[in-house]
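Here is a first walk through a protein model for someone who has not met it before. Have the sequence and the 3D view open as you read.

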Amino acid sequence: MTTPAPESGRPIVLRGGIVVTMDERRTVHEGADVLVVEGEIAAIGPALAVPDGTFEIDAAGGIVMPGMIDSHRHMWQTAMRAYGSDWTLTQYFVWYYLEHGTAFRPQDYAAGNALSALDAIESGITTTVDWSHGLQSVEHAEAAIDALVSSPGRYVIGFGNIFGGPWEWTADPAYRRVFESARADSRLAGVQLAFDVTGDPAFPEQKAFEVARELDVRVTTHAGVWGATNDDGVRLMHEHGFMEPGTVYVHAATLSEDSYQRIAATGGIVSLSTESEQSCGQGYPPSHALRAHDIPVSLSVDTSAWFSADLFSAMRTTLGADRSWEHLTAHEHGDTVTHSHLRAQHVVEWATRGGARAIGRERELGSLEVGKLGDVVLLKNDHSPTMFPVLNPYGHIAMQASRGDVHTVLVGGDVKKFDGRLVGVDLPAMRSRLEDTVEHLRSTLGDDVWQAGMNPDIPETKVLDNPYMYTEYRDSSTRGAFQTQAPGGGAGRPTD
């Protein structure tokens, strides 16, 4: 029989786990406890004395780590989960920006946000930046916020509107009231302005930057995206004095040495979405360049219209991409890499401390330390052979574990997932909301457009001639005889 999750506000102790603190010293405790009282981490250590009535969770054989932080996710698009799995970035832009993105009603936006929030918690992400760049009206913005504040977890809303210039919607008094209301809403973990800088020499985005400065909120921007944003955008931001500490540059994949230097010198932070960069065409995932310039890094999912909705995948693909780059670059010069620079510990840090830095909450989140908020994740799965033995905790988190191994998730000391299941969530009701959204979109587009959007044409591929390949084909004129192609492409003698 499954033990029910504890009620909100009750002290909780996770007993006997491998505690990966991600503190300044990157301390790892073997067989230690983590005590959370009144929403904060009260103690870490072996065999802790706890208050009467504390709910105990057996963490033995598991890994206790900070809640992960996703620094860039278009949550509203989760209603279209995997729809664009075969898209390029161009097809994504056409579908959402030019043709069909405006078909999303406020309730569709809310449904996507609510589903994405559950995705996050289920995979051990306790804080998410909602890069809300489809807020085409105040009603859409209000629906997005309502979905976030009524969902488990912490959420930073990044206000954006791809259907208008940022200098337009940030100047709208109605939008301004929504911004200011969101900033005052303690149920949100923060507010950002989310817009891109195209490189137009007139720098029309200046007015949006001025609004962000006036409101004292950070800007998050897609930078270094092939064919969309480039070095000119970074240069204009710098020359006009808007590359401020804490500005988040998403992707940063096709930038020059000069741009990376500007980001590093001004205290910028990059949000890597490695699955996205690998698949879409923003540019090669630039973790190698960020390491070289000592630019702080966070990790992100980007969009479930394409990619995995968890940071386990992000950590794994980031390690793979960085190491592939390192090996390929070495091979081009006839060298061999004998020691990898990027380690599992680094990507775990980017998924926790890095995310906290990207939202300006590193004093409260991103590590397990006394006095910090009780956002804690237990990775434990006694039903899976993948979860033992745990020899290298960082390697296990980054290369072995998955969302199915997330046993417990605490947000501010409250249990949001326990014993592998979400707590207090009506999944059938959520499914019904999403069915309504999908049906609305499908009927609005029409079945032919819907199917064509999900199944883009495959370019013709020419198979190279192979001088070493013998091919056989039936020649009807010779009553079933076969023709062979000899090495070099010449035809051989027909055989019986």
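What follows goes from the whole chain down to single residues.

## Before you start

This is a predicted model, in which local features need pLDDT of at least 70 and side-chain atom pairs count only at pLDDT 80 or more, while totals for chains, interfaces and linings use all residues. Residues are numbered from 1 along each chain as its sequence is written, and side-chain values use heavy atoms, with hydrogens and water left out.

## The whole protein

Let's begin with the overall picture. The protein has 16 helices and 19 strands; helices (H or I, at least four residues) and strands (E, at least two) are DSSP runs, numbered from the N terminus. Its C-alpha trace spans about 90 × 55 × 50 Å along the principal axes. The radius of gyration is 25 Å, which agrees with the value near 23 Å for a compact globule of 496 residues. That radius is taken over C-alpha atoms, and the globule rule is 2.2 Å times the number of residues to the power 0.38.

How much of the protein counts as buried? Of the 496 residues, 54% do. Buried means under 20% relative accessible area, exposed means over 50%, and partly exposed is in between, using a 1.4 Å probe and protein chains only. As for contacts (heavy atoms within 4.5 Å), take those with a separation of 6 or more: residues 24 or more positions apart account for 72% of them.

## An open sheet

Now find the sheet. Eight strands form an open sheet with parallel pairing, in the order β6-β7-β8-β9-β10-β11-β12-β13. At its edges are β6 and β13 (297-299), each of which pairs on one side only. From one strand to the next, the twist averages 25°. Two strands count as paired if DSSP finds at least two bridges between them.

Edge strand or not, β6 (residues 68-73) has six of its six residues buried, so the rest of the structure largely encloses it. Four bridges link β6 to β7 (residues 125-132) in the parallel sense, and I69 has T127 of β7 as its bridge partner. Elsewhere, β10 (residues 218-223) and β11 (residues 248-251) run parallel and are joined by four bridges. There, A223 is partnered by H251 in β11.

## Helices on the sheet, and one tucked away

Helix α2 (residues 106-122) lies across β6, β7 and β8 (154-159), and runs at about 150° to β7. Helix α3 (residues 138-149) also packs on the sheet: α3 touches β7 and β8, and its direction makes about 165° with that of β8. For these angles, axes are lines fitted to C-alpha atoms, for helices over the stretch in contact, and angles run from 0 to 180 degrees between N-to-C directions.

Which residues of α12 are buried? They are A344, V347, V348, E349, W350 and A351. That makes six of the eight residues of α12 (residues 344-351), so this helix is largely enclosed by the rest of the structure.

## Aromatic pairs

Rings of Phe, Tyr and Trp (its six-membered ring) pair if their centres lie within 6.5 Å; planes under 30 degrees apart count as stacked, over 60 as edge-to-face and the rest as tilted. By this rule there are 28 aromatic pairs. One pair is Y83 and W87, which is edge-to-face because the ring centres are 5.7 Å apart and the planes are at 75°. Both Y83 and W87 are buried.

## A buried lysine

K372 sits in the loop between α13 (353-358) and β14 (376-379). Is K372 buried or exposed? At 8% relative accessibility, K372 counts as buried.

The K372 side chain reaches the backbone oxygen of E362 at 2.8 Å, and makes a polar contact of 2.7 Å with the side chain of S367. A polar contact is a pair of N or O atoms within 3.5 Å; within protein, one must be able to donate a hydrogen and the other to accept it, and residues adjacent in sequence count only if both atoms are side-chain atoms. Leaving aside neighbours within four places in sequence, the contacts of K372 include E40, I41 and R363.

## Backbone oddities in loops

M22, in the loop between β1 (12-20) and β2 (28-37), has a positive phi of about 55° although it is not a glycine. M22 counts as buried, at 0% relative accessibility. D216 is another residue other than glycine with a positive phi, near 60°. D216 lies in the loop between α6 (206-215) and β10, and counts as exposed at 64% relative accessibility.

Last comes a proline: the peptide bond from F388 to P389 is cis, with omega near -5°. P389 is in the loop between β14 and α14 (393-399).
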